[in-house]
Amino acid sequence: MRKVPIAVPYLGKEEAEAASEVILSGWVTQGTKVAEFEKVFADYVGSNYAVALSSCTTALHLSMIVAGVNEGDEVICPSMSYIATTNCIKYVGAKPVFAEVNEHYNLDVKDVESKISSKTKAVLIVHQIGMPADIDAFKELCERKGLILIEDAACAIGSEYKGRKIGSHSDLVCFSFHPRKILTTGDGGMIATSKEHFYNRLKTLRQHSMSINDRVRHESKKVIIEEYPEIGYNYRMTDIQAAIGIEQLKKLDLIVSERRKVAQRYINAFQYIDSIILPIEVGDIKTNYQSFSILLKENALVSRNDLMQKLLDNGVSTRRGIMTSHREKAYSGEYDYNLPLTEKISDNSLLLPLYFPMAEKDVDHVIKMVKKFLI
Ligand SMILES: *Cc1c(COP(=O)(O)O)cnc(C)c1O
């Protein structure tokens, strides 16, 4: 039987050779390769600066710190996201306030506005599964209310909003390079920013808040004694990861355009099924199709879980829709939330296989099986 996995990372000998070169160079932690990756990354997304980190979770944590989010503050975010979105708010002692999402999986700006209180400090939007949220609407709201906007763009590398890449529209945009995302360094993250003071502070915070970094001390002809003006973190990316990232970035446009072709085949095949809602682009946006999620309507012939089982029995791997934080044990009981839309979308959606390169026959097989159980 044909077996179609949910995702496969696109890694080749270029990445292996780049990693090997770094290993043999004798300098493996954060150094010149990290600096080079940051430069090409910032150029790619169109920001002034980029700061490489160990993950998107650590990127989000440092974003909270430089945004000045403190104990007792509130940050508005979706519950329907990977749980790291919510966790990073708790790391700084603040309270996540969950707002509703729409059927395109992104935050509803009106619901966000209704949840603003005197304690609100920031709004954390998520470009869920790569689909850009309406950034300008959130920027306008944040400016009007004096709030800081943070973008969780973990899934959105290569996606575009109004003709520009995600990463170029606001001052704290966090990306992930986990293998489940479309550009991977094994694990890793990045913050794109165009504000110089954020850039400088992020660079020190990620390295124990050390006043002089290792590389500068290493290359100095004079003895340098470093200082630690505030409590920092070890959230560094290694040069091995950065070398892989540089090679991945060269392939990114190809990966995105090929993913979009597979997504278009799914859309063409499924658009007439009236019991599902497809992840289509609304407005002037372009998604990287980090995942292809279908949302079952009430008239669907099968339940979400039954459909997942039937597809698995026929060799098609799927994953449940995006999780919700407020119903996880880590958060349940803590806050009382009424999020009917969030729960409905999370419980009735599933992710279909999408990766590059994906054999035509595998795409055909997924299409055939989905149609079989939904029509
Ligand atoms: C994957 C993901 C994260 C976490 O990224 P890591 O690099 O694994 O820390 C955060 N937010 C969202 C929306 C994600 O999809």
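# Exercises on a predicted model

S349 is buried, with a relative accessible area of 1%; buried means under 20% relative accessible area, exposed means over 50%, and partly exposed lies in between (1.4 Å probe, protein chains only). The model is predicted: local features need pLDDT of at least 70 and side-chain atom pairs count only at pLDDT 80 or more, while totals for chains, interfaces and linings use all residues. Residues are numbered from 1 along each chain as its sequence is written, and side-chain values use heavy atoms, with hydrogens and water left out.

## Exercise 1. S349

State where S349 is placed and which residues S349 is in contact with.

Solution.
- Step 1: S349 belongs to strand β14. Helices (H or I, at least four residues) and strands (E, at least two) are DSSP runs, numbered from the N terminus.
- Step 2: neighbours within four places in sequence are set aside, and the contacts of S349 are then Y105, S293, I294, L295, R304, R320, G321 and I322. Contact means heavy atoms within 4.5 Å.

## Exercise 2. The chain as a whole

Compare the radius of gyration of the chain with the globule rule.

Solution.
- Step 1: the chain contains 12 helices and 14 strands.
- Step 2: the radius of gyration is 21 Å, close to the 21 Å that the globule rule gives for 375 residues, so the chain is as compact as a globular protein of that length. The radius is taken over C-alpha atoms, and the rule is 2.2 Å times the number of residues to the power 0.38.
- Step 3: the C-alpha trace spans about 75 × 55 × 40 Å along its principal axes.
- Step 4: of the 375 residues in the chain, 56% are buried.
- Step 5: among contacts between residues at least 6 apart in sequence, 72% join residues at least 24 apart.

## Exercise 3. The seven-stranded sheet

Give the strand order of the open sheet and identify the strands at its edges.

Solution.
- Step 1: the order of the seven strands is β1-β9-β8-β5-β4-β2-β3, with mixed pairing. Two strands pair if DSSP finds at least two bridges between them.
- Step 2: β1 (49-53) and β3 (95-99) each have a single partner strand, so one side of each is left without a neighbour in the sheet.
- Step 3: on average, neighbouring strands of this sheet are turned by 25° against each other, direction ignored.
- Step 4: β2 (residues 74-78) pairs with β3 in the parallel sense over five bridges, and I76 stands opposite V97 in β3.

Strands of a sheet pair through backbone hydrogen bonds, either parallel or antiparallel.

## Exercise 4. Helix α2

Which side of α2 is buried, and what does α2 lie across?

Solution.
- Step 1: α2 (residues 32-45) lies across β1, β8 (173-176) and β9 (189-193), at about 130° to β1. Axes are lines fitted to C-alpha atoms, for helices over the stretch in contact, and angles run from 0 to 180 degrees between N-to-C directions.
- Step 2: the buried residues of α2 are V34, F37, E38, F41, A42, Y44 and V45. They cover an arc of only 155° around the axis, which puts them on the same side of α2; the arc is that of the directions from the helix axis to the C-beta atoms.
- Step 3: K39 and D43, on the other side of α2, are exposed.
- Step 4: the buried residues of α2 pack against β1, β7 (164-165), β8, β9 and α9 (239-270).
- Step 5: just after α2, G46 has a positive phi of about 90°.

An α-helix has 3.6 residues a turn, so residues three or four places apart point the same way.

## Exercise 5. M190

Is M190 buried or exposed, and which residues does M190 touch?

Solution.
- Step 1: M190 lies in strand β9 and is buried, with a relative accessible area of 0%.
- Step 2: not counting residues up to four places away in sequence, M190 touches several residues, among them F37, E38 and F41. Those three residues are also listed among the buried residues of α2.
- Step 3: M190 and M237 are 47 residues apart in sequence and 9.1 Å apart in space, C-alpha to C-alpha.

## Exercise 6. Backbone exceptions

Describe the backbone at H208, Y289 and P357.

Solution.
- Step 1: most residues other than glycine have a negative phi, and most peptide bonds are trans.
- Step 2: H208 is not a glycine, yet has a positive phi of about 60°. H208 lies in the loop between α7 and α8 (214-219) and is partly exposed, at 31% relative accessible area.
- Step 3: Y289 has a positive phi near 45°. Y289 lies in the loop between β11 (285-286) and β12 (292-296) and counts as buried at 4% relative accessibility.
- Step 4: a cis peptide bond, with omega about -5°, joins F356 and P357. P357 is in the loop between β14 (349-352) and α12 (360-374).
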